[in-house]
Amino acid sequence: MNKATKMKFITGLVITGIVLIMTIWGIIKTPYDPCEMNASAKYAGMSIKHLFGCDQFGRDIFSRVLVGVRETMFISACVVLIGVFFGTIFGTVTGYYGGWLDEILMRLNDAVLAFPSILLALVVIGLFGGGKYQLIAALGIAFVPSFARIVRGEVLKIRNLDYINAVKLYGASDARIIVVHILPNLKTVLLSSIVIGFNNAVLAEAGMSYLGMGVAPPDPALGRMLSEAQAFIFTTPRIALFPGLVIVLMILGFSLLGDTVGK
Amino acid sequence: MLKVEDLCIKIHDKNSTATVVKDVDLEMKKGDILGIVGESGSGKTMTALAIAGLLSRHDMEKSGHIIFERINLLECERRVLRKIQGSEISMIFQEPLNSLNPIRKVGWLVEESLRIHTTLDKAERRERAIKALRDVELDDPEAVYNSYPHELSGGMRQRVMIAAAMISMPKLLIADEPTTALDVTIQAQIVELLKKINRESGVAILFISHDLSLVNALCENVLVMKNGLVVESGNCQNIFDNPKEEYTKKLIAAIPGNPFDRIK
């Protein structure tokens, strides 16, 4: 690891650390109820009482950002988990067995991959209605194909190596070969794609809530805070600044880590 | 013990069919060492993989008989085949770098066959593995047991492979160009090791190589293959001294000098 990579790694670690602290803070307790309106604090500026100030309804922006980060982290983590879980299953089965099953599943995969993930999620939400869990399901489905592809490629490569043949000759069953001998070898590939996937999930979640889907109002979500603040962007830009900044920090931190992990 | 009759292997591509092995016959008794020589693409590895049961069952067509201990390996059920694999037939491969799983320790890999076929506990497996590693003349079996494959040299890895293949005490060991990736002195050592193992445990060895001099040093009988056909077979010394086929003569002429002479 050279000096520049090291700097990147440390910066990524610090930023991700900040985001994680905010998440935990959001889980434990926020300074104010994020939905409580306070008429006397409308457009209040930054102060000790309200770190990031207040919005047009007098709600504490800091508290809202904390809860927003918590929700985004939760949704993104679930989305990536779904993607990795089903992606690994599809990827190993198609990569290991090949044949017509591979052909069918991979063409299906291509079809799903051909749509932008946000568009696909919009369709699913259009069918099943909005909400946090519908959003997780929608984005989760959209994230499966990319993981399936990565895993399939890796499994294809490993399957033809001699050590799998050797293990086959020891009399190992297919299940044992896949679980004990192939899956552990996917760790490194999966790790970096999980980081990248997580970034995409954060962006997708923010995009969806900006469009008004996902976490239902009045509960805060970073994307919706941005869209609500649009009207005040010239009078009180602060309302839009903080949720936007946090989204940038989340993605920046993870992509710095993703770039350097494994190097 | 092993009898192969009229073995044909055809590989189907999208629109063409290639016959890679044509009417191969061979026979091995307990404790035999049989060599198969031939150039790249002569079908020697395909023959070995077919005997080991490692060829996939679709996208290629196999005909003939491979009879091992009275069971036809080409037609038997998967379950039976899997039982024979590992406990009765073992194989070592050309590239010792690729034939050990890089993320597992050597000891774990050597024990894998025991884990699948026996109910030995951890300590017993360890004991057997250390003994197997000692049998292949590794200097410090305990240290090798606890190291990862990348920490070992090519020759050591090949020895580990032999240990892993021999731990289940098979009746047939298929060695698919086990010395090709190694340098000349190590080649000679591995050949000596195989000889010793054959003498001590009575395992039959099917030794595949393109190096006639190694085959001559190890095997009693030899099969010369070209383009999927057996062009000449018989006692090694006879063929060496008195080759009948033009191809065999060329192969012998291609030997760059005996590696055993070179190290002596």
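A residue counts as buried if 20 or more other C-beta atoms lie within 10 Å of its own, exposed if 12 or fewer, and partly exposed in between, with C-beta atoms placed from the backbone. Keep that scale at hand for the tour.

This is a predicted model: local features need pLDDT of at least 70, side-chain atom pairs count only at pLDDT 80 or more, and totals for chains, interfaces and linings use all residues. Residues are numbered from 1 along each chain as its sequence is written, while chains are lettered from A and ligands numbered from 1 in the order in which they are written.

**Stop 1: chain A, whole**

Select chain A. Its secondary structure comes to ten helices and zero strands. Helices (H or I, at least four residues) and strands (E, at least two) are DSSP runs, numbered from the N terminus. The C-alpha trace spans about 75 × 50 × 30 Å along its principal axes. Of the 263 residues in chain A, 43% are buried. Now turn on contacts (C-beta atoms, placed from the backbone, within 7 Å). Among those in chain A between residues at least 6 apart in sequence, 70% join residues at least 24 apart.

**Stop 2: Leu20(A)**

Go to helix α1 (residues 3-28) of chain A and pick Leu20(A). Leu20(A) is partly exposed, with 14 other C-beta atoms within 10 Å. Add Leu257(A) to the selection. The two are 237 residues apart in sequence and 14 Å apart in space, C-alpha to C-alpha.

**Stop 3: helix α4 of chain A**

Select residues 117-128 of chain A. The expected span of a helix is 1.5 Å times one less than its number of residues. These twelve residues should therefore span 16 Å, and the end C-alpha atoms are indeed 16 Å apart.

Which residues of α4(A) are buried? Colour Ser117(A), Ala121(A) and Ile125(A). They cover an arc of only 70° around the axis, so they sit on the same side of α4(A). The arc is that of the directions from the helix axis to the C-beta atoms. These buried residues pack against α5 (132-159) and α8 (187-210) of chain A. Rotate to the other side of α4(A): Leu119(A), Gly126(A) and Leu127(A) are exposed there. Step past the helix to Gly129(A), whose phi is positive, near 90°.

**Stop 4: the chain B sheet**

Switch to chain B. Four strands form an open sheet in the order β2-β1-β4-β5, with antiparallel pairing. Strands pair if DSSP finds at least two bridges between them. The edge strands, each pairing on one side only, are β2 (17-28) and β5 (71-72) of chain B. Strand β1 (residues 2-12) of chain B and β2(B) share eight bridges. One to display: His12(B) with its partner Thr17(B) in β2(B).

**Stop 5: the β4-β5 loop of chain B**

Where is Glu69(B)? It lies in the loop between β4 and β5 of chain B, and Arg70(B) lies in that loop too. Most residues other than glycine have a negative phi. Glu69(B) has a positive phi of about 50°, and phi of Arg70(B) is near 70°. Glu69(B) is partly exposed, with 13 other C-beta atoms within 10 Å. Arg70(B) is exposed, with 7.

**Stop 6: where the chains touch**

Show both chains. The contact takes 22 residues from chain B and 15 residues from chain A. On the chain B side, α2 (78-87), β6 (89-92) and α3 (106-117) each give two or more residues. The largest share, five residues, comes from α2(B).

Notes. Contact = placed C-beta atoms within 7 Å.
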